[in-house]
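Me: Please take a close look at one part of this model, the open sheet of the first chain and what packs around it. Then follow the contacts outward to the other chains.

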Amino acid sequence: MRTASATMAAALAAAAILMSCPPADAAGTVKIGILWPLTGNAAAAGQASKAAAEVAADIVNNKHPELADLPLAATEGLPNQGGAKLELTFVDHQGNPSLAQQLATRLITQDAVHVLLGAYQSSCSFTATAVAERYGIPFMVGESAALNITGRGFKWVFRSTPIASDYAATYMRFFDDLKKEGKKIASIAVVNENTDYGTSVADSIEVAAKKNNLPVAIRIPYSASSTDVTAQVLQLKEKQPDVVIFISYTSDSILYMKAMKNLDYMPPMVIGDDTGFSDPSFIPAVADIAQGAMNRSAWDIGKPGSTTYKINEMYKAKTGRDLDDTSGRNMQGFLVLADALNRAGSTEPEKIRDALAKTDLKPEQLMMGYNGVKFDATGQNTLASTYLIQLRDKQYQLVWPEKAATTKLDWPMKGWKQ
Amino acid sequence: MKWSLPALAALLLFYPFILTGPFYWDIGVAFLLAAISASAWNIVGGYAGQVSVGHSMFFGVGAYTPLLFYHLWGLPPVAGVPAGMLVSLALAVAIGMPTFRLQGHYFSMATIAVAELIRIFVGTWDLVGAAIGLQGPAVGRAWWDLTFRSELPYYYIFLAVLAVVLYTTFEVERSRFGYYLRAIKAGERAARSLGVPVRATKLKALMLSAVFTSVAGSLYSIKTGFIDPESGFGILVSVQMVIVAALGGAATLFGPLIGALLLVPLQTATNTWFGGGGSGLTYILYGGIIVLLARFEPGGMHEWWQHVAPRLMRRSHAA
Amino acid sequence: MLLAQVIVGGLLLGAIYALFSSGLTLIWGMMNFINFAHGEFVMLGMYVALLVVVWLGGGPATFGFAAAFALFVLGVIVYASLIRHVMRGPMLAQILSTFGLALLLRYTAFWIFSANFVSLPQVSLSGTLNVGGILMPVPQLVAGVAAIALTLGLHLLLTRTTVGSQLLAVAEDRNAAMLMGIRPDRMQALAWGLAAGSAGIAGALMAVSYPWSPSVGETFGLTAFVVVTLGGFGSVPGAMYAGLIIGLIQALSAYWLGPIYKDIVVYALFAALLWLRPQGLMGKA
């Protein structure tokens, strides 16, 4: 027992050495701490968002006159802060809410970051934002699904992305438009993966559908790690809904498309709620069998020469893949944060918070297809909105809303029948 | 080396003044939590030799009840702690009764399965927040919500609990019960022939272990202010307890403490250095070190030290 | 008709479960050793298949064998460098070693292949067979049939050949086997090779119809544990029946109760079985 406590003393000394990591401090920089899952089950999303944030930092820190639509792109650094550069500190919370809490504490107290951005999984956003609130450091939620991340009476938390209820409302408006054109939408089916993301979105859709008197023929929650989705597809086949909405991650989205072909089931319309359908792996895997599949996205690469196209080129040069919606919304969150940091003209938390609260970005100043960025009292962006896009050949085309559309909607979908 | 035990106690008591700042305190809290959970696991997994890989079921129950009490009735979370202990106790009996007829790996497998069952079930149960989980009070209403701005109060609360767990383990070690446990671990058949009530003893150990693990879970969720199925009942929660105890030295009083002292800083350091890079190097190192220790020091660091310390002593005397 | 379709889907999936679980049961039965890295072997098999298809353009037969061979070699290496040294140590060191190994393999794959999901490019296997109104996707059908054939093959290897009886002799009584002139070390290395190899080929078969990323092994590993415990440890036919049964239960409960309940049903049945028949379906009492 005595030897044991001696071991302890030795180990404690070793521990102290291990943990002593001096925080770097450079003059003329504004520090952004970024919490994402860079390992674990959601690593792909975290990694892609990390690359997107690095592109965003490049846009702000260096001269990019070709992207002059975006605030801060044409100039170098933050002009109102004497040209200060943004310095990013990434941390990996592994999807663990307790670790997210610890890392938020570290970023604030050790690395002395001025603002925080994160945290993808709602669970981690819950705990990390609570730390930011406690210390009075602004926190931008770039992407997290759960409704009540904002609206907990927090003063320091902002969310630029649209949330589950916005998506649900979008789908309802879209269905109304279709009905006006005389297309039959008598019932819908909702298929959702059963963690926080799928559950939040599916709940919102059910609520909205009820309000619009649109019957939900069937709701199928399932686990995203399923290796077989035959049963789900057969259940859909039995109910014959006019629209099937999939709220799915990557491998399950692909499995659904394959199973639908294998079981010869094709509803008039399939809508993927972003995430899995937006994963760069989705199109190469199922493009030839999922023609006409719809996807929710606020991101559209656009025509060559457009700002979004150029951003995509920068991202592609870095990662070899196209930018996806999830990373795009995180990147937009970053840019909104940068805009507020510039307007604050100071790194004082209170001033940054006030600047964030006064944010008023117009649609043309954004890379994503929101109607703007303006926060309400809870910190939620009230102008956040989204497009609907449709798979044609090996690319999604913007088909709704009409005023932004680049092509006409294909109805019913073709799937594998060319 | 009479000084070492008081020195250790002093170190733990004064740690927050040696390494100051909320981040170091938070690591201290994480270390204490790992030590508490692993010590609790150690009672049945170490001393009784019944390797449970599903202790997250008790941890999760303990973690859920406080936030559930707050969520449903607006009670201070701490009011849910006894309820968690009771449910865990019942769960321990329900698991232990059938599975302790089995030997060896079956117990491990059965505990994994039950923990997974509960995890999936809780994820579909709306009353307990389903997949989204439960939140505690965002801002404490009064001190009894135990929602502190600083990590320091948590550190000392956790330290007190650790002291209770260790003292209980110490008493168990010295008692007849502890002797039974060692006999069972050495060989069940022989123990039975010596008149040791094997199943009752194993069950008692599991119950004691479950109650402490449940308290660890409660501490976790009160401190974090959030719980969801994965962080309560996930298999990684169970695995962490096994690894911490086994690395330090299972079936020894201070083994879990040593394990936590090695592992928590190791995890923090690798995450600090490599986590932001996102290459997965954190886990490659972590996994690699675990493999190497299992390969070269299968008895844990405690045993290693017992080999090394006398030699060091001799050398220092000779000098 | 729909029901028949559900049953067929469940059996095809169950066949794959059977194959990758048979490796786990072999190790467990022979050495009383749980391999927590077994799911990672399946995952690596999937990546081997991908590399073979992308680099060499091989068909299902080629990448199946390549995955089996590569994982066989890995299994032997793992045995020689790690397992041999911990297998007679404390049970905790055994658990620790393969947990660590699982993390190491998973994140090495993560490092090399990134976290992104991948799937096999369209291989020669595609299309759907219509048998009396029941639709059977060719890739799954081929994979399922191959899995059953390989599982049976493994069983025959263990029961009908000299190597097999030597393996079983070592499992029964190591010392007696040594007296008979069998070298247990070699036999156990062979067992690890066979176990990893069958996991590898199961991975390759899965890869035909299932997209994956490095963290996929966790799901497979847990499934394999349930299958093996249900089947009775050490019993390859047990694993086969259990695999098929679990595939079937999952499909039926997903269809009747809803997909989120399928794992609940499986684990609940499993817990009930532990009460009633702890030695598993085909295990020795």
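Reply:
**The sheet of chain A and its surroundings**

In this predicted model, helix α2 (residues 43-61) of chain A lies across β1 (29-36) and β2 of chain A, and runs at about 170 degrees to β2(A). A second helix, α4(A), lies across β1, β3, β4 and β5 of chain A, at about 165 degrees to β3(A).

The strands under these helices belong to an open sheet of 5 strands, in the order β2-β1-β3-β4-β5 (chain A), with parallel pairing. Its edges are β2 (85-92) and β5 (157-159) of chain A, each of which pairs on one side only. On average, neighbouring strands of the sheet are turned by 25 degrees against each other, direction ignored. In general, the strands of a sheet pair through backbone hydrogen bonds, either parallel or antiparallel. One pair can be followed in detail: strand β3 (residues 115-119) of chain A and strand β4 (residues 139-143) of chain A are joined in the parallel sense over 4 bridges. Within this region, A:G118 stands opposite A:V141 in β4(A).

Next comes the division of the chain. Chain A is split into domain 1 (25-162 + 304-365) and domain 2 (165-297 + 387-400). The C-alpha centres of domain 1 of chain A and domain 2 of chain A are 29 Å apart. Where the two meet, 11 residues of domain 1 of chain A are in contact with 13 residues of domain 2 of chain A. On the domain 1 side of this contact, α4 (122-135) and α12 (325-344) of chain A each supply at least two residues. Helix α4(A) thus appears both across the sheet and at the domain contact. By class, the residues on the domain 1 side divide into 4 nonpolar, 3 polar and 4 charged.

The contact with the second chain involves some of these elements again. Here 48 residues of chain A are in contact with 53 residues of chain B. On the side of chain A, two or more residues come from each of α1 (2-19), α2, β2, α3 (97-109), α4 and α6 (196-211) of chain A. Among them are both helices described above, α2 and α4 of chain A, and the edge strand β2(A). The largest share of that side, 14 residues, is supplied by α1(A). Its residues comprise 19 nonpolar, 22 polar and 7 charged.

Chain B, the partner, has 14 helices and 2 strands. Its radius of gyration is 20 Å, close to the 20 Å that the globule rule gives for 319 residues, so chain B is as compact as a globular protein of that length. Along the principal axes, the C-alpha atoms of chain B fill a box of roughly 65 × 50 × 40 Å. Of the 319 residues in chain B, 61% are buried. Among contacts in chain B with a separation of 6 or more, 75% are between residues 24 or more positions apart.

Chain B also touches chain C, in a contact that takes 37 residues from chain B and 36 residues from chain C. On the side of chain B, α4 (80-99), α5 (105-122), α11 (235-248) and α13 (281-296) of chain B each give two or more residues. The largest share of this side, 12 residues, comes from α5(B). By class, the side of chain B that touches chain C has 24 nonpolar, 10 polar and 3 charged residues.

Note on methods: Residues numbered from 1 in each chain as written. Chains lettered and ligands numbered in written order. Predicted model: local features only at pLDDT ≥ 70, side-chain atom pairs only at ≥ 80, totals over all residues. Contact = placed C-beta atoms within 7 Å. Nonpolar A, V, L, I, M, F, W, Y, C, P; charged D, E, K, R; others polar. Rg over C-alpha atoms; globule rule 2.2 N^0.38 Å. Buried ≥ 20, exposed ≤ 12 C-beta atoms within 10 Å, placed from the backbone. Domains from an automatic or database assignment. Pairing = 2+ DSSP bridges. Axes fitted to C-alpha atoms, helices over the stretch in contact; angles between N-to-C directions.
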